Amino acid sequence: MNDLGDRLRVAARMAHIEPFEVMEIQSLAREVEARGHDVIHLEIGEPDFRTPQPVIDAAKRALDDTRMYYTSALGMAALREAISGRYRSHYGIEVPASRIVVTAGSSAALLLAFGVLLDNGDEVLLADPGYPCNRHFVRTLGGVPRGIPVGPESRYQLTTALARRHWGARTRMAMVASPANPTGTLAAREEVAGLAALARERGGTLLVDEIYHGLTYGMDARSAAEEGDDVYVVNSFSKYFQMTGWRLGWLVAPPAMVRTIETLAQNLFISPSAVAQHAALACFSPETLAITEARRAELDQRRRFLVPALESLGFRVPVVPEGAFYVYADCSSLSADSFALARRILTEAHVAVTPGKDFGMHEPERHIRFAYTQTVPRLEEAVARIRRLLEGKA
Ligand SMILES: Cc1ncc(COP(=O)(O)O)c(C=O)c1O
């Protein structure tokens, strides 16, 4: 008979999966709140906006009028067509609906892409700092994430030159997020084209995560889908359409891979959420886009306030973020330990922020991520509180 220790044994792969630091910060924030303090939440990767009303209305109508059965594993034909239409109207490019796979958020899109591409031991090149789940997806599937240290000199992005230098015998993929989490920077178009060409030359694959598209300030981002139908593109309704909890995204895949991806999606998920898909049909309507564009302008105002305000506190922001809703600020002139500083900011100034530790191995102790997911008056209050703390008056 097994003893309890044996029965609680976890798979070896779990040794590589670390908890989200931001979750630890959130539970600490809840403790501070339970003591009666008002905490300003700048740690969470989702804006304070509600899902746009036309999307909610579409979901309500669908719940009344439609049977919520499984849909095709690839997603509802009408939604795949609508997403294809968005590539035409917004980016001016043709991405046929047949290449679009609707997924449970971009998380499932990433899992499917890595799932069909990686064999045990295959390497994926990723920017460090970067979105932490990527390396965990790769590990879970038996692949090896290779974090490439990036800094202000490449706008915190993986470049063609860096990928060329690090591309080894086992490298299968390079991955870019543009705009990126935690830095909010975009990859230059030439770099995306260069990375696509490099992947082609080496018999590998480029995957570009465009989840923060729509949330770029002063410019519209181009989609990597224009670099050729061999590039994988991931996107989501989570951020621009403020639908994080609905769990809906999509993957644009090479035509020859769609059937394989469908097979994996059928087995892993059966289908994406039906009600979320019905709701998302309202996303590209002029009414919804008017709401999301107004919110984009609001996020830009917050960014314009927060970046100089953080600099006035002694943080450094060497590359001004152009997208998403994050500022990845260098706090090294304030503290040698971003984790300790983030804890002090939370427990003494009652502002929750995420230390760099969540985003990789490259200088995490020097960085804190601020998510401008609160109104300008709340951001002003957060900055005032941090100022009092740093001046010893908290
Ligand atoms: C860069 C990036 N990619 C993917 C995701 C996953 O988002 P979702 O599964 O909600 O689409 C996130 C979430 O914060 C992210 O920041």
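**Stop 1: the largest pocket**

Start by selecting helix H2 (21-34) and helix H5 (105-117), since each of them supplies at least two residues of the lining of the largest pocket. Helices here are DSSP runs of H or I with at least four residues, strands are DSSP runs of E with at least two, and both are numbered from the N terminus. What you have open is a predicted model, where local features need pLDDT of at least 70 and side-chain atom pairs count only at pLDDT 80 or more, while totals for chains, interfaces and linings use all residues. Residues are numbered from 1 along each chain as its sequence is written, and side-chain values use heavy atoms, with hydrogens and water left out.

Now add Phe-20, Gly-45, Tyr-131, Lys-239 and Tyr-326, which lie nearest the centre of the largest pocket among its 30 lining residues. A pocket is an open set of points on a 1 Å grid over the protein atoms alone, where a 1.4 Å probe fits and protein lies on both sides within 12 Å along at least five of seven lines; lining residues have an atom within 4 Å of a point. The volume of this pocket is about 620 Å³, meaning the space filled by probe spheres set on the points, with grid points joined across faces, edges and corners. Colour the lining by class and you will find 14 nonpolar, nine polar and seven charged residues. In this count Ala, Val, Leu, Ile, Met, Phe, Trp, Tyr, Cys and Pro are nonpolar, Asp, Glu, Lys and Arg are charged, and the others, Gly among them, are polar.

**Stop 2: the seven-stranded sheet**

Next, show the strands of the open sheet with the order E2-E8-E7-E6-E5-E3-E4, whose pairing is mixed. Two strands pair if DSSP finds at least two bridges between them. At the edges you meet E2 and strand E4 (144-149), each pairing on one side only. From one strand to the next, the twist averages 25°. Helix H4 (residues 77-91) packs on this sheet, touching E2, E7 and E8, and its direction makes about 115° with that of E2. Such angles run from 0 to 180 degrees between N-to-C directions, using axes fitted to C-alpha atoms, for helices over the stretch in contact.

Zoom in on E2. Are the faces of strand E2 (residues 100-103) covered or uncovered? Both are covered: Ile-100 and Val-102 on one side, and Val-101 and Thr-103 on the other, are all buried. Buried means under 20% relative accessible area, exposed means over 50%, and partly exposed lies in between (1.4 Å probe, protein chains only). In a regular strand the side chains alternate between the two faces of the sheet. E2 runs antiparallel to strand E8 (residues 249-252), joined to it by four bridges, and Val-102 stands opposite Trp-250 in E8.

Move to strand E6 (residues 205-209) and strand E7 (residues 232-236), which pair in the parallel sense over three bridges. There, Val-208 stands opposite Val-233 in E7.

**Stop 3: Glu-227**

Select Glu-227 in the loop between E6 and E7. Glu-227 has a relative accessible area of 18%, so it counts as buried. Beyond its neighbours within four places in sequence, Glu-227 is in contact (heavy atoms within 4.5 Å) with Arg-189, Val-192, Ala-193, Ala-196 and Arg-200.

**Stop 4: the second largest pocket**

Now pick Leu-126, Ala-127, Asp-128, Arg-135 and Gly-147, which lie nearest the centre of the second largest pocket among its 26 lining residues. Its volume is about 360 Å³. Helix H6 gives the largest share of this lining, four residues.

**Stop 5: some backbone details**

Most residues other than glycine have a negative phi, and most peptide bonds are trans. Which form does the peptide bond from Asp-128 to Pro-129 take? That bond is cis, with omega near 10°, and Pro-129 lies in the loop between E3 and H6. The bond from Asn-181 to Pro-182 is cis too, with omega near 20°.

Gln-242, in the loop between E7 and E8, has a positive phi near 50° though it is not a glycine. With a relative accessible area of 6%, Gln-242 is buried.

**Stop 6: the three-stranded sheet**

Finish at the open sheet of three strands, ordered E9-E12-E11 with antiparallel pairing. Strand E9 (326-330) and strand E11 (354-355) are its edges, each pairing on one side only. Helix H11 (residues 286-313) lies across E9 and E12, running at about 15° to E9.
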